[in-house]
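Reader: Please show me the model together with its sequence, and then let us go through its side-chain pairs and ligand surroundings by question and answer.

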2 protein chains.
Amino acid sequence: MTEPSATPPPVSRRRLLGYAGAGAAVGAAGFAGGIGAARATDGPHGEGVDRYAFHGTHQAGIVTPAQDRLHFAAFDVTATSRAELLLLLKAWTAAAAAMTQGRPVGGGVPLPYDAPPGDTGEAAGLPPGRLTLTFGFGPSLFRDADGKDRFGIADRQPAALRRLPHFPADALQEQRSDGDLCVQACADDPQVAVHAIRNLSRIAFGSAALRWSQLGFGRTSSTSTSQATPRNLFGFKDGTANLKAEEPKAVDEHVWVGQGDDDGAAWLADGSFLVARRINMMIETWDRTSLREQETLVGRDRHVGAPLSGGTEFTEPDLSLKGNDGQPLVAMSSHVRLAHPTQNNGVRMLRRGYNFTDGNDDLGRLDAGLFFIAYVRDPATQYIPMQTRLSRDDGLMEYLRHTGSGLFAVPPGVRKGGFLGDTLLT
Amino acid sequence: MTEPSATPPPVSRRRLLGYAGAGAAVGAAGFAGGIGAARATDGPHGEGVDRYAFHGTHQAGIVTPAQDRLHFAAFDVTATSRAELLLLLKAWTAAAAAMTQGRPVGGGVPLPYDAPPGDTGEAAGLPPGRLTLTFGFGPSLFRDADGKDRFGIADRQPAALRRLPHFPADALQEQRSDGDLCVQACADDPQVAVHAIRNLSRIAFGSAALRWSQLGFGRTSSTSTSQATPRNLFGFKDGTANLKAEEPKAVDEHVWVGQGDDDGAAWLADGSFLVARRINMMIETWDRTSLREQETLVGRDRHVGAPLSGGTEFTEPDLSLKGNDGQPLVAMSSHVRLAHPTQNNGVRMLRRGYNFTDGNDDLGRLDAGLFFIAYVRDPATQYIPMQTRLSRDDGLMEYLRHTGSGLFAVPPGVRKGGFLGDTLLT
Ligand code: HEM
Ligand code: HEM
């Protein structure tokens, strides 16, 4: 992140030591020779790309090749007027446009030494880190618990934007669920992602408060064929059969909301829906099961990631193939069979989850798992039926506990001169 | 991490899909062409070094250039006999020697398909990530709460290995403090560090249980002049005046326990003491203070990291220099003045801390801060007096809350054929 751009040369030594003054004097050198330059990024992304455009038809951070680190945050709006909400979204737009391009918040406008700095500073000197900030609106932004129209937008609430239903075995914690607004910050460097959420939270002070947040230390999905498949904490490759950016037709069909999808919510066209699920893994129990059991539950082999019906990682599973014992090689209750498109009316989704570890419980078991994120065009036909099925029949469920949940409508990308949510609020 | 080495060629297809069999078949290709190869590392370390030796005079992970990510864990030993404790330490030695070299736990010994895999698998295909595993022994390993000798080693407890005293303003949580054993896992890739702690915890099952653990997403210290100085969550460069690996004399003087330091604990020679402090930062309050106030509290400027007495980042602070107002430029209650060696009988320490973020509290404030780690030769003369002073006089304390604490004796490095703690237990 570069420093504020040049201003009249500072006069006093005291000023020179200040943020803005020093930035004018040595900002460029600091960027080229400092930690930023020394730190390469560690993800297999398009070579040479060090940042993604903020403006566009769709928000970045969806089909963008999944960066390595995540900081996800959900906010409760405390503002009570539409005008205040607009101000917040405009301020967030400006900050997001700056930070994703490696510029500090409030960039270019040096502040007096006796004022708090515009940017909190911990990303100074770091490269943009391919930061993307993806924003969503929860059902509670449209109507409060009593059904009251909060900001004059209740009539534009998408029909599919409802609190997710209770699924079998859900063990949701309120303090990890829902929210009026959400922000998914993804970057190669966690310091860049954390810096972004912290500054958005700071900007929101007085109009929205952090409700919950989740750090993801490593991606569990590929969203581009240019990426190698990472592993989740069960030790399995995750993302093999994911929807990839290189399938634009399938992305159009399964991810982006279409113009005519919902009469009342035309503002959401080119947007999407974000499903977030914090899924704890009982890894100590898992680690005591045999490799045979693990592979049977998943439906793929652990080392290569090939379906148990044979082949290599990217071979299409043959769900009808049977073994000598007359049983299907990809077991009936295996995760991959139950989640496979042929078993779900052709439905697919773009998964973009992250491994997490948040300390441990009193019994010494790691509080770890998969922070599942998926983007779908219609949660009612894509996510909800599949989760219902998985929660009921998936053998993996014995080793999982869903502890957090959220559904958000993700507006389209911001056009130059526009702001986040302008299609909804203007 | 490579797969178990070759074994007789697998015969059945079923076996081929298994972990060990597939490893034999495609392990090498997986390592060279998989995600491991695609992922470069993101720290400015010695070029070309992708792993650090496990064996040596000192444990790795102390003067080793600080890697970017941390998973720290403290364990309670549940074993009651010395024999069991020995078995645990021997098993940990073998696992640490394997994992730090990028090999899986139990490497080379394929297990039956109906047995749980030797390694949990989520680091398969990843490079070693410059993983270091650094082990320590807490005071409670020597004597239980009633002073009882637990494993016949009470007479060898170092005099300086006592629970840290209560410091002014301490707000310690028991579930984040102390422990019989500790492991500091540092790596460039968090997945590698988390994998290591998880596998050590798995191996300990039945003889030690995870007491607390902490993820650190980004280093806040340089421990080598080859590294650029990173920033902590106050936005300041952290590690500038740290003890560096390139000062071997100072490291000998301030970090490594000497042969004659403690008659009763000669086993600790070439070891060190590890101080761990989980320090929450009140970042929302901090972010509302002026840049002037922030810099005054630290004693350095925020952008360049130079002392307020002038110069550049690595200029020695001039604590006597006064401004026009007759006040010292490096304020009396500033952190840097109070921590400076000239104010502390020449005492220095090797800081090796990490930024952390663990969600947020009910008021929407980030649970974030600095997981402080320091290595010292003698906590009684180095850490304790300095912390006492800082806790009492440091202006920064208004923005800090110490929520976790631990002191551990770090045995010397393991020689080939030896095991962790052999100088203590044999
Ligand atoms: C911690 C929980 C989960 C774990 C460990 C897990 C793991 C896996 C693994 C290992 C695969 C095979 C590789 C791949 O194609 O990515 C997979 C595939 C898949 N998973 Fe999950 N998954 C989890 C939760 C979910 C959830 C909640 C959903 C959606 C409701 C889901 C939907 C899918 C889909 C659609 C596929 C691709 C199936 C195919 O086309 O063959 N997963 N998952
Ligand atoms: C969250 C808490 C802390 C913050 C934000 C913090 C921040 C800093 C900063 C910005 C510097 C100046 C740059 C540098 O030389 O590294 C510094 C120096 C230093 N800090 Fe801290 N620190 C914290 C806690 C501690 C603690 C607990 C100790 C030890 C008890 C400590 C000991 C030192 C020492 C010895 C120096 C070098 C002083 C010198 O030689 O000039 N710090 N710290």
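The questions and answers below deal with salt bridges, single residues and the ligands.

Author: This is a predicted model, in which local features need pLDDT of at least 70 and side-chain atom pairs count only at pLDDT 80 or more, while totals for chains, interfaces and linings use all residues. Residues are numbered from 1 along each chain as its sequence is written, chains are lettered from A and ligands numbered from 1 in the order in which they are written, and side-chain values use heavy atoms, with hydrogens and water left out.

Reader: How many salt bridges does a search of the whole structure find over all chains?

Author: A salt bridge is taken here as a side-chain nitrogen of Lys or Arg within 4 Å of a carboxyl oxygen of Asp or Glu. With that criterion, the search over all chains gives a total of 37.

Reader: Which parts of chain A does the pair Asp170(A) and Arg277(A) tie together, and how many residues apart in sequence are they?

Author: The two residues form a salt bridge whose closest N and O atoms are 2.7 Å apart. Asp170(A) belongs to the loop between helix 5 (139-142) and strand 3 (181-187), whereas Arg277(A) belongs to strand 6 (residues 272-281), so the bridge ties together parts of chain A whose separation in sequence is 107 residues. Helices (H or I, at least four residues) and strands (E, at least two) are DSSP runs, numbered from the N terminus.

Reader: Are Asp170(A) and Arg277(A) buried or exposed?

Author: The classes rest on relative accessible area, where buried means under 20%, exposed over 50%, and partly exposed in between (1.4 Å probe, protein chains only). By this scale Asp170(A) and Arg277(A) both fall in one class, which is buried.

Reader: In the salt bridge of Lys237(B) and Glu313(B), what is the relative accessible area of Glu313(B)?

Author: The side chains of Lys237(B) and Glu313(B) meet at 3.3 Å, N to O. Lys237(B) counts as partly exposed because its relative accessibility is 22%. Glu313(B), by contrast, counts as buried, because its relative accessible area is 10%.

Reader: Which residue forms a salt bridge with Arg365(B)?

Author: Arg365(B) is partly exposed at 41% relative accessibility, and its partner is also partly exposed, since Asp361(B) has a relative accessible area of 27%. The side chains meet at 2.9 Å, N to O, and the partner of Arg365(B) is Asp361(B).

Reader: Which residue of chain B is linked with Glu122(A) and Arg198(A) in a network of salt bridges?

Author: The network links two residues written with chain letter A, namely Glu122(A) and Arg198(A), to a residue of chain B. That residue is Asp287(B).

Reader: Which side chains make polar contacts with the side chain of Asn280(A)?

Author: Asn280(A) lies in strand 6 of chain A and counts as buried, because its relative accessibility is 5%. A polar contact is a pair of N or O atoms within 3.5 Å; within protein, one must be able to donate a hydrogen and the other to accept it, and residues adjacent in sequence count only if both atoms are side-chain atoms. The side chain of Asn280(A) makes such contacts at 2.7 Å with Asp367(A) and at 2.8 Å with Thr403(A).

Reader: With which residues is Thr64(A) in contact, leaving aside its neighbours within four places in sequence?

Author: Thr64(A) is found in the loop between helix 3 (35-38) and strand 1 (69-77) of chain A, and its relative accessibility of 9% makes it buried. Contact means heavy atoms within 4.5 Å, and with the sequence neighbours left aside the partners of Thr64(A) are Tyr52(A), Thr132(A), Thr223(A) and Arg352(A).

Reader: Which residue is the only protein donor of the iron atom of ligand 1?

Author: Donors are N, O and S atoms within 2.8 Å of the metal (3.2 Å for Na, K and Ca), and water is not among the atoms, so sites may look incomplete. The donor lies in helix 10 (residues 335-339) of chain A. Its NE2 atom is at 2.0 Å from the iron, and the residue is His335(A).

Reader: Which element gives the most residues to the shell around ligand 2?

Author: Polar side-chain atoms of His335(B) and His340(B) lie 2.8 Å from a nitrogen atom and 2.8 Å from an oxygen atom of ligand 2, respectively. The elements giving two or more residues to the shell are strand 6 (272-281), helix 10, strand 9 (366-376) and helix 11 (383-393) of chain B. The one that gives the most, with 4 residues, is helix 11 of chain B.
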